[in-house]
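This report covers a small sheet, the nonpolar cores, one threonine and the salt bridges, in that order.

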Amino acid sequence: MESQTRAALMSGWLGQIDRSVAELILQAGRLSKFSDGAEIYGLGQPQDCLHGVARGTVKMLVAVNEQDPKFGHLAGPGFWFGETAAVTGNQSLVELTASGPTETLSISRKQIDAIAQTHAGVWPAITLLAVCNLGTAIAVGEDLLIRDSRKRMVATLLRLSARRSCFQNIPPFASIPVSWNELAEATNLSRSKVGALLSELSKQGLVETRQKQVRVVDAIGLDELLKQ
């Protein structure tokens, strides 16, 4: 495994757990490459693997009570997911697609069980991951409860760029690969309202907007606006 790939995978959850467990996971995992828009796994599909983002970003779409999945969050390098389905064997409640060229490391439940036979620390480590991702899920819901639409947008941009409610402690990234339609879903706002808010934030020098991308220019300024 290349040193850059290893460093990216260790930058989040793996960097928080026992180093010997992290090394066993890295050794047992299998790297997979995905092109832009490729499905990593789909809604309702059975899957038994834990996944870590080594390169690129992964869009996370959620559907529990509705048939059509809605965009909710981004996973950047160092972010791990899939622990619930890997442990329970249940069908996935999320749909994951690659945003741009993406590479992930996957480790199956069978491999996790094999590691557990030699190292008791693997299950506490996966429990920590589950707690982190539960915190993220709660944070998504909390952002949606913000009444002020501008602050809701700001909170969402900070979270999507790993600057808010980042329980896995992955490095933040400046460019958020999302369309206006996806931001509308993530903020529960209309597309026209999203456009107006982004234009306002852009004029304030806080963000820059490009085609299917929002770049955070002034994260401190966004955070101060949110706290007003």
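## The three-stranded sheet

In this predicted model, strands β7 and β9 (residues 213-216) run antiparallel and are joined by two bridges. One residue of β7 can be placed exactly: Ser-175 has Arg-215 in β9 as its bridge partner.

The wider arrangement is an open sheet of three strands, ordered β7-β9-β8, with antiparallel pairing. Its edge strands are β7 (175-176) and β8 (207-210), each of which pairs on one side only. In general, strands of a sheet pair through backbone hydrogen bonds, in either a parallel or an antiparallel way.

## Nonpolar cores

The largest nonpolar core has 43 residues. Phe-81, Leu-96, Met-153, Leu-157, Leu-183, Leu-201 and Leu-222 are the residues with the most contacts inside this core. Helix α6 (residues 149-160) supplies the largest share of the core, six residues. Another core, of 20 residues, lies apart from the largest one and includes Met-10, Leu-14, Ile-107 and Ile-112.

Phe-81 can be followed further through its contacts. Leaving aside neighbours within four places in sequence, Phe-81 is in contact with Tyr-41, Cys-49, Leu-50, His-51, Val-53, Val-58, Met-60, Ala-75, Leu-96 and Asn-133. One of these partners, Leu-96, is also listed among the residues with the most contacts inside the largest core.

## Thr-102 in strand β6

Thr-102 is located in strand β6 (residues 94-108). Its relative accessibility is 0%, so Thr-102 counts as buried. The side chain of Thr-102 reaches the backbone oxygen of Thr-57 at 3.2 Å.

Which residues are in contact with Thr-102, leaving aside its neighbours within four places in sequence? They are Ser-32, Lys-33, Phe-34, Arg-55, Gly-56, Thr-57 and Val-58. Thr-57 therefore appears both as a contact of the buried Thr-102 and as the residue whose backbone oxygen the Thr-102 side chain reaches. Val-58 is in contact with Thr-102 and also with Phe-81.

## Salt bridges

The model contains 11 salt bridges. In one of them, Glu-23 pairs with Arg-6, with the closest N and O atoms 2.9 Å apart. Glu-23 lies in helix α2 (residues 19-28) and Arg-6 in helix α1 (residues 3-10), so this pair ties together parts that are 17 residues apart in sequence. Glu-23 counts as buried because its relative accessibility is 19%, and the cut-off for buried is under 20%. Arg-6, at 28% relative accessibility, counts as partly exposed.

Glu-23 also forms a salt bridge with Arg-19, where the closest N and O atoms are 3.1 Å apart. Both Glu-23 and Arg-19 lie in helix α2, four residues apart, about one turn of the helix. Arg-19 counts as exposed, with a relative accessibility of 53%. Salt bridges that share partners join Arg-6, Arg-19 and Glu-23 into one network.

## A salt bridge at an edge strand

A further salt bridge links Glu-208 with Arg-210, the closest N and O atoms being 3.6 Å apart. Glu-208 has a relative accessible area of 33% and is partly exposed. Both residue numbers fall within β8 (207-210), an edge strand of the sheet described above.

Key:
Residues are numbered from 1 along each chain as its sequence is written. This is a predicted model: local features need pLDDT of at least 70, side-chain atom pairs count only at pLDDT 80 or more; totals for chains, interfaces and linings use all residues. Side-chain values use heavy atoms; hydrogens and water are left out. Buried means under 20% relative accessible area, exposed over 50%, partly exposed in between (1.4 Å probe, protein chains only). A polar contact is a pair of N or O atoms within 3.5 Å; within protein, one must be able to donate a hydrogen and the other to accept it, and residues adjacent in sequence count only if both atoms are side-chain atoms. Contact means heavy atoms within 4.5 Å. A nonpolar core is a set of buried Ala, Val, Leu, Ile, Met, Phe, Trp, Tyr and Cys residues joined through side-chain atoms within 4.5 Å. Two strands pair if DSSP finds at least two bridges between them. A salt bridge is a side-chain nitrogen of Lys or Arg within 4 Å of a carboxyl oxygen of Asp or Glu.
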